[in-house]
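I sat down with this one to look up a few things about packing, surface and charge. My notes are below, in the order I made them.

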Amino acid sequence: MEKAAGCPAVGGSYPQKNAEILSSQYGINLFLAGLLLTFAWAVHAVGISKSHLLSYLITLMLIQLLWMLWYLCRSCTQRRLIRDKDTHAGARWLKCGITLFAVITLILDSFKIGYYIDFSNCLSPTEGIFPVTHAMHTILQVYFLWCHAKDIIQSFKTLERFGVIHSVFTNLLLWTNGVLTESKHQLNEHKERLITLGFGNITIVLDDHAPQCNCTTTTLCSIFSQGIYYLYPFNIEYHILASTMLYVLWKNIGRKVERHQQHKTPFKFHGITVGMIFGLIVLTSTIAIVVVYLIQIGRSKTKSELALTMFYLHAIFVLALMCTAGIVALLIYRLEDRSLDNSKNPARKLDAELLVGTAAGSWLLSWGSILAIICAQAHPKYTWYNLPYSVLVIIEKYIQNLFIIESIHREQEKVNDDIKTLRIVTISRGSTLSLTPSYKEIYNGGAARDHGEVPCLFKGSICGRENDGGGSGDAKEEKNQDKSSVMHSASDFSFYGRNSVTNSKRRILKNIAAFLFLCNLSLWIPPAFGCRPEYDNGLEEIVFGFEPWIIVVNLAMPFSIFYRMHSAASLFEVNCKT
């Protein structure tokens, strides 16, 4: 009978499992078609122009807009229904981050509109329609994520799976398009820098997609064209964050969740002063290094070598500090005896997978640099700094991943029973008396109640009078009271000692998390804004060949950039939970 009763429940899960498989296959094919179209445009395939790619992206965005409007309308009509929520998904700080990137993306869209107006004589209409559609898509998507990122959809599940997965891969294609456009711009500047370093024998045709007509207002065209490429890093981060939040929403469709709510963990600056100070020093120095690097690189051979040496020395110092901080945090975790939370959590699982997966991009570049240094026949002086830099990149990400993944899997620290036991201290007869029993007396109170005894709450006052009748045994009462006071003092001293050690460990972990958070933001800035020694030192191109190494860098660098931003977001969460 039990098996018969259980069969419908098991069988009922198959349609939903099939819907998940079908929707995922639909999304993958959608992405592959767009990826192939993007690649065809990048290599100037015959018969495929940029307008074809933009038309495809516009169509995908319009379909997503229709689905989001339908979902929002349905949610408004059914807002009285109780909806399940995933408290781990769509954290407020993540929503604030994606909103910031979205605002800068809207500025980018306005620049693209202005650029189209200036070159409207020789650009296809799709290049004007695309930024307008993208701006509408950005505004509605941010609103959708703010209101519904935590939803656990339990109705129209098959249809919603296709809608959400369509949104996921639409954002991934927009991310791919942004990465490719930004990489083309970086590649066009790269050859000029290599020539100044003496690598003039490396030749490649510049991949230029500039309009074949004159601009109506030269000054504005220059501002728009240059500003667009400085804003692309924020657009890239926006789309990858949106795709991850939508992926968690897709994984939560039809999921059964426990009814307990997660405790809110607000961010507090109290207790992380040391980590913030050191992190801000690293952030400030990194910005200065990037500015000097971008000014000096490509000016002359001497200035370019000096810029590369300066970058490597600074990065080596920062990475060594981060490795040390991560090792200290892991040692503290080894000294603690706290269990891990292994409950099902799509958001946390995705965080861990993204950390390891995107770190592979940096590891690929680092191993390429190490092999190039070993195999190269000639070594300019600045290239030797690349060896410790590449080794530290591998080690630092390895340690940091261990720290973050263990932190997000550790159970929240529960309030200690000693803290729950309120101690009201009164001063009587020159000694400290406790209004409440110690925690041992509470736990052992059952034995006293079984024998009909009442635990002494007021030492030396109530119990003394009950036992002695208020007259005899004063000396014995004083002796017992003194002994009780000593025992309570020892218990309090032990409790406060343990509590002090725990607080010290927590303070150290919070400072380490704050320091690593700012360091990851600092290391995100150089590659995002064009400071990429993997391009500029020239040694890898000599060993692997120019085009193969450029392909490797263009594939791995976006993952490396995203890793830093995702690590910063994860470390922010670690700081809040610690």
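These entries cover helix packing, then a surface patch, then salt bridges.

**Before starting.** I reminded myself that this is a predicted model.

**Entry 1, H8 against H10.** I began with helix H8, residues 301-335, and helix H10, residues 386-409. Their axes come within 8 Å, and I read a crossing of roughly 30 degrees. Angles under 35 degrees count as roughly parallel, so H8 and H10 go down in my notes as roughly parallel to each other. I also looked up the hand, and the crossing of H8 and H10 is left-handed. Sorted by class, the contact of H8 with H10 has 20 nonpolar residues, 4 polar and 3 charged.

**Entry 2, H9 against H10.** Next I turned to H9, which spans 346-375. H9 packs on H10 with the axes 9 Å apart, at an angle of about 170 degrees. Anything over 145 counts as roughly antiparallel, and therefore H9 is roughly antiparallel to H10. I split this contact by class too: H9 with H10 has 16 nonpolar, 7 polar and 3 charged residues.

**Entry 3, H10 against H18.** I stayed with H10 and checked it against helix H18, residues 546-577. Here the axes come within 10 Å and cross at roughly 40 degrees. That angle makes H10 and H18 oblique to each other. I noted the crossing of H10 and H18 as left-handed.

**Entry 4, a nonpolar patch.** Which residues make the nonpolar surface patch? I found Leu 371, Ile 374, Ile 542, Val 543 and Phe 544, and together they make a patch of about 430 Å². Helix H9 and helix H17 (539-544) each supply at least two of its residues. H17 gives the most, with 3 residues. I looked up Val 543 separately, and this residue lies in helix H17.

**Entry 5, salt bridges.** How many salt bridges are there? My count came to 3. I wrote up one of them, Arg 74 with Glu 160, where the closest N and O atoms are 2.5 Å apart. This pair links distant parts of the chain, as Arg 74 sits in helix H2 (residues 50-77) and Glu 160 in helix H5 (residues 157-196). I make the separation of Arg 74 and Glu 160 along the chain 86 residues.

Methods:
Residues are numbered from 1 along each chain as its sequence is written. This is a predicted model: local features need pLDDT of at least 70, side-chain atom pairs count only at pLDDT 80 or more; totals for chains, interfaces and linings use all residues. Side-chain values use heavy atoms; hydrogens and water are left out. Axes are lines fitted to C-alpha atoms, for helices over the stretch in contact, and angles run from 0 to 180 degrees between N-to-C directions. Helices (H or I, at least four residues) and strands (E, at least two) are DSSP runs, numbered from the N terminus. Angles under 35 degrees count as roughly parallel, over 145 as roughly antiparallel, 65 to 115 as roughly perpendicular and the rest as oblique. A crossing is left-handed if the near helix is turned anticlockwise from the far one by less than a right angle, and right-handed if clockwise. Ala, Val, Leu, Ile, Met, Phe, Trp, Tyr, Cys and Pro count as nonpolar, Asp, Glu, Lys and Arg as charged, and the others, Gly among them, as polar. Patches are made of residues with over 30% relative accessible area and no salt bridge: like charges are joined within 9 Å, nonpolar side chains (Val, Leu, Ile, Met, Phe, Trp, Tyr) within 5 Å. Accessible areas come from the Shrake-Rupley method with a 1.4 Å probe; for residues, only the protein chains shown count as cover. A salt bridge is a side-chain nitrogen of Lys or Arg within 4 Å of a carboxyl oxygen of Asp or Glu.
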